[in-house]
Amino acid sequence: GQMCLRTSYDKGQFELDYERHCVPDLHANLPHLNLKNLFAKAVGEKRMGLGRAIKFVGATFEGRAHCGLDDAVNMSKLLNISPEFGTLIKERIDAS
């Protein structure tokens, strides 16, 4: 298995929520992919936030920044528009 997150910050938020709600972290031992870094690598950029990435591919940002569901919708746009991004994710998952 693999856990795909937009940033390492998101991984920390999951850990805090698990602790806060006394729920076991079933993802603790799974490697995670930092999708923000992988997208930047796929398009040959050093760093790129989600809003800039959406503009980079010519899409429109929907919803509120840093809202989990809205970020997931916008991240899925990157997967649909950038085949390089999807290929890089698949390679990382296959390698784990």
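The nonpolar core, the internal cavities and the cysteines are described below.

The model is predicted; local features require pLDDT of at least 70, side-chain atom pairs pLDDT 80 or more, while totals for chains, interfaces and linings use all residues. Residues are numbered from 1 along each chain as its sequence is written, and side-chain values use heavy atoms, without hydrogens or water.

The largest nonpolar core (buried Ala, Val, Leu, Ile, Met, Phe, Trp, Tyr and Cys joined through side-chain atoms within 4.5 Å) holds 15 residues. Helices (DSSP runs of H or I, at least four residues, numbered from the N terminus) α2 (35-42), α3 (50-56), α4 (68-81) and α5 (83-95) each supply at least two of its residues. I89 is among the residues with the most contacts inside the core. Beyond four places in sequence, I89 touches L33, L35, L38 and L79 (heavy atoms within 4.5 Å).

Two cavities of 30 Å³ or more were found. A cavity is a set of points on a 1 Å grid over the protein atoms alone where a 1.4 Å probe fits but cannot get out; lining residues have an atom within 4 Å of a point. Volume is the space filled by probe spheres set on the points, which are joined across faces, edges and corners. The largest cavity encloses about 50 Å³. Helix α1 (residues 8-20) gives the most to its lining, four residues. The second largest encloses about 40 Å³. Its lining includes L35, F39, M75 and L78, residues also listed for the core.

No disulfides (cysteine sulfur pairs within 2.5 Å) were found. The C67 sulfur lies 19 Å from the closest cysteine sulfur, in C4, too far for a bond.

How values were computed. Buried means under 20% relative accessible area, exposed over 50%, partly exposed in between (1.4 Å probe, protein chains only). On a 1 Å grid over the protein atoms alone, a cavity is a set of points where a 1.4 Å probe fits but cannot get out, and a pocket is an open set with protein on both sides within 12 Å along at least five of seven lines; lining residues have an atom within 4 Å of a point.
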